Amino acid sequence: MTPTEYSLLIVLSVMTAICRANELKDYCSIHKFDNLPGGLRFTKEVVTTEYGNIGAFKALHCCLRGYRSIEWYKDNRAYPWPGGESHFILYPESANQTIYTQKVRASDAGRYSCRARNDTTILEGDITLVVLGEKSGGYTGKPLPTYKPTSQLVPLGGAARLFCEAYLGKVELPDAKNSVTWSKSDSNATLPSQGRIAQHRVSRENNQIIGSYLEIEDITLEDYGEYKCEVSNGVDEEITLTAHIYRQEPQFALGLQNGSWRKSFLVGVLVLVLLISAGAFYARCWLPLLLLCRDKFAPLEENDGKECDALVCYHEKDSNLVIGIVIPTLESRHRYKCTSLELSQLNQNWGLEIGPHAASSRRVIVVLSPSSLGNTWTESSVGAVLKQLSSLTTRTIVIATKELPNATTIAKRSNRGCNDAGELSLDHLKILKWDENTSPVSGGQKFWYKLRLAMPPVRPINSDSACQSVAMIVQANGKCGQQKARSRESLEVLV
């Protein structure tokens, strides 16, 4: 080799090295996708199959954005690899997006994977490397596809991008000229290289791999159909790769880009509003709905030999509450038949006083207040009365005008505990809290719903029984006056 030839060889080698370095450096920065949504994304197509001749230069790429780290694997084994398994190394200036080797060996063949991560997402791309021939540039066969174009759904007026690529090798013939062209299947005309519809040829690895991007902007009805990519090595060897562009029908959208935080925020607000509305509806309406369903469908307690729905028991100091509010409300507004029983001063005998009268009633209602217990509102005094009432065979409802002292302790002593609503439950005993400060009726709306749920079912009134209901109200008011008269007479006797 003469000095001139040697110098030319050195210059050629340097220029080749510079070109390869530029290719590795620029590959992921050109021909990127437009208008990518936020987050971790591939910035261009990931070539699915790569080919290389033994002894030739080879590079593999995964172009990404929005990642915190990229890890490479070969056949599920993480980088770095021992020389007997793979000679590929990371290209430092590509931010781990590229691995390469100056000379491909047969042992380099296999499945390579790039795995990118950020704080919330993992994205992975697979590339299969096939090693061919016995020397660099030795492949002269039919073009081998490295990336096949994929069909797309595109709305009218949108944009489409198709990509095809193939490995050709290096044909050592002076007249051989490889080519890659896009055309529409129903037309033999080659598509232009600029304008609204344009194709852009690309090549890499010393022109051994060639490809082309077909980009169509502002799609019209005539643009929909099949497109074909023809790749030729210039010696009567060619392949054709096809893809369709289909019309996407318009759909309802929020006007936000996919992955936009605004869309997630609006969905979150909508879900929160629905949850708050459901919670408010439940808190306000669950008792009325439960009562309506119970009265509508639960079996009536009829023909059981009972004379009344409720026996209302009270101390004389609670007569205004019972005679003036509880009994009239139950009879006139809710159509229950009630009987009253005034209890004595000896609260330790209340169970004996109520027992003979309870057998003729479906429920027993007892009004319990500090004044009825001689203003001794303690755990022992209240617990003793509750224990007596829990021994009654008839289901009993206690209306307490004051919070029970140490209700949890009383419940534990009863070996019963608390019910699902958090209210004390002793055998057949149901305890409700009376609140004089609430409206619309003294005691509160929730109190009356809970009291009616503890009472026997009553069928909802209909229009046919309107006259009957008026008569019942008049009759109930008359009974109320009689109850009040009896109460006044009993007070006069005591005086």
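Trainee: Which residues does Pro299 touch, once those up to four places away in sequence are not counted?

Mentor: In this predicted model, Pro299 touches Pro457 and Arg459, and a touch here stands for heavy atoms within 4.5 Å. The C-alpha atoms of Pro299 and Pro457 are separated by 7.2 Å, although the two residues lie 158 residues apart along the chain.

Trainee: Where is Pro299 found, and what makes it count as buried or exposed?

Mentor: Pro299 is found in the loop that runs between helix 2 (261-297) and strand 19 (308-315). Its relative accessible area is 67%, and the word exposed applies over 50%, so Pro299 is called exposed.

Trainee: Why does Ser232 count as buried?

Mentor: The relative accessibility of Ser232 is 14%, and buried means under 20%, so the value falls on the buried side of that cut-off. Ser232 has its place in strand 17 (residues 225-232), and, leaving aside neighbours within four places in sequence, it is in contact with Leu168, Asn178, Ser179, Ile210, Glu237 and Glu238.

Trainee: What makes the approach of the Ser232 side chain to Gly234 a polar contact?

Mentor: The side chain of Ser232 reaches the backbone nitrogen of Gly234 at 3.1 Å, and a polar contact requires a pair of N or O atoms within 3.5 Å, one able to donate a hydrogen and the other to accept it.

Trainee: How do you know that strand 3 and strand 8 pair?

Mentor: Pairing needs at least two bridges, and 4 bridges join strand 3 to strand 8 (residues 98-101), the two running antiparallel. In strand 8, Thr98 is the bridge partner of His61.

Trainee: In what order do the strands of this open sheet stand, and why do some of them count as edges?

Mentor: The open sheet consists of 3 strands in the order 3-8-7, with antiparallel pairing. Strand 3 (58-61) and strand 7 (89-90) each have a single partner strand, so one side of each is left without a neighbour in the sheet, and they stand at the edges.

Trainee: How many cavities of 30 Å³ or more are there, and what lines the largest cavity?

Mentor: A search of the whole structure finds 1 such cavity, and the largest cavity has a volume of about 60 Å³. Its lining includes His61, Tyr27, Phe42, Cys62, Cys63 and Arg204, and the lining residues divide into 6 nonpolar, 1 polar and 4 charged.

Key. Residues are numbered from 1 along each chain as its sequence is written. This is a predicted model: local features need pLDDT of at least 70, side-chain atom pairs count only at pLDDT 80 or more; totals for chains, interfaces and linings use all residues. Side-chain values use heavy atoms; hydrogens and water are left out. Buried means under 20% relative accessible area, exposed over 50%, partly exposed in between (1.4 Å probe, protein chains only). On a 1 Å grid over the protein atoms alone, a cavity is a set of points where a 1.4 Å probe fits but cannot get out, and a pocket is an open set with protein on both sides within 12 Å along at least five of seven lines; lining residues have an atom within 4 Å of a point. Grid points are joined across faces, edges and corners, and a volume is the space filled by probe spheres set on the points. Ala, Val, Leu, Ile, Met, Phe, Trp, Tyr, Cys and Pro count as nonpolar, Asp, Glu, Lys and Arg as charged, and the others, Gly among them, as polar.
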